Amino acid sequence: MDTGQLVLIIVLAVVVVAAVIIAVVVGRKKKTELNRRRAGELREKADQEAVGAHQAKAQSAQAEAAAVQAEVEANRLRREADRHAEKAEEASGRVEEHLRHADKVDPDVRTGPRPGERHRS
């Protein structure tokens, strides 16, 4: 092997090493750019999902408010129903009282129970 061949082999080795280094650097840059683009897409997707999550929270809050409002209305209606039931009970009591009084005043009403019948009290 003469000096010319040795220099050629060394030059070729340096060129190959330089090409490998350049390929590695370019590959890393491409990978870095690809990762940068992928990260941007993921952030964009996260932003879109954050908007969806915010909308879902707003809808949940609206549904909760509607449920509370319905509960308040139901409680109001229960109180109203209770008042009506009390009035109905009072009216029934007055009706019974008027009937007892009418029976006492009416000379045609027997004071004792009829056979097979119970006396109103």
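R36 is exposed, with 52% of relative accessible area. The cut-off for that word is over 50%. This residue is a good place to enter the structure, which is a predicted model.

R36 has a partner. Its side chain meets that of E33 in a salt bridge, with 3.3 Å from N to O. Both R36 and E33 belong to helix α1. They stand three residues apart, which is about one turn of the helix. E33 has a relative accessible area of 34%. That value makes E33 partly exposed, because the class runs between the 20% limit for buried and the 50% limit for exposed.

Now step back to the whole chain. Its secondary structure consists of one helix and zero strands. Helix α1 covers residues 3-105. The C-alpha trace spans about 155 × 30 × 10 Å along its principal axes. The radius of gyration tells a matching story. The chain has 49 Å, whereas a compact globule of 121 residues would have a value near 14 Å.

What share of the 121 residues is buried? The figure is 0%. The accessible surface of the chain amounts to about 11,200 Å². Carbon and sulfur atoms account for 59% of that surface.

Return to the helix and its charged side chains. How many salt bridges does a search of the whole structure find? It finds three. The pair R36 and E33 forms one of them. The others involve R76.

R76 forms a salt bridge with E73, and their closest N and O atoms are 2.6 Å apart. R76 also forms one with E80, where the closest N and O atoms are 2.9 Å apart. Together, E73, R76 and E80 are linked in a network of salt bridges.

The spacing along helix α1 helps to explain this arrangement. E73 and R76 are three residues apart in the helix, about one turn. E80 and R76 are separated by about one helical turn, because they are four residues apart in helix α1.

How open are these residues? R76 is partly exposed, with a relative accessible area of 35%. E73 also counts as partly exposed, at 35% relative accessibility. E80 has a relative accessible area of 27%, so it is partly exposed.

Next come the surface patches. A negative one is formed by D82, E86, E89 and E90. Take E90 as an example. E90 sits in helix α1. Its relative accessible area is 48%, so E90 is partly exposed. A patch residue needs over 30% relative accessible area and no salt bridge.

A nonpolar patch also lies on the surface. Its members are M1, L6, I9, I10 and V14. Together they offer about 520 Å² of accessible area. Where does M1 lie? M1 is in the segment before α1. Is M1 buried or exposed? M1 is exposed, with a relative accessible area of 74%.

Finally, look at charge across the chain. The chain carries 22 positive and 20 negative charges. The mean positions of these two sets are 10 Å apart.

To retrace the route, begin at R36 and its salt bridge with E33. Move on to the network of E73, R76 and E80. Then find the negative patch of D82, E86, E89 and E90. End at the nonpolar patch that includes M1.

Conventions: Residues are numbered from 1 along each chain as its sequence is written. This is a predicted model: local features need pLDDT of at least 70, side-chain atom pairs count only at pLDDT 80 or more; totals for chains, interfaces and linings use all residues. Side-chain values use heavy atoms; hydrogens and water are left out. Patches are made of residues with over 30% relative accessible area and no salt bridge: like charges are joined within 9 Å, nonpolar side chains (Val, Leu, Ile, Met, Phe, Trp, Tyr) within 5 Å. Accessible areas come from the Shrake-Rupley method with a 1.4 Å probe; for residues, only the protein chains shown count as cover. A salt bridge is a side-chain nitrogen of Lys or Arg within 4 Å of a carboxyl oxygen of Asp or Glu. Lys and Arg count as positive and Asp and Glu as negative; His and the chain ends are not counted. The place of a charge is taken as NZ of Lys, CZ of Arg, CG of Asp or CD of Glu. Helices (H or I, at least four residues) and strands (E, at least two) are DSSP runs, numbered from the N terminus. Buried means under 20% relative accessible area, exposed over 50%, partly exposed in between (1.4 Å probe, protein chains only). The radius of gyration is taken over C-alpha atoms; the globule rule is 2.2 Å times the number of residues to the power 0.38.
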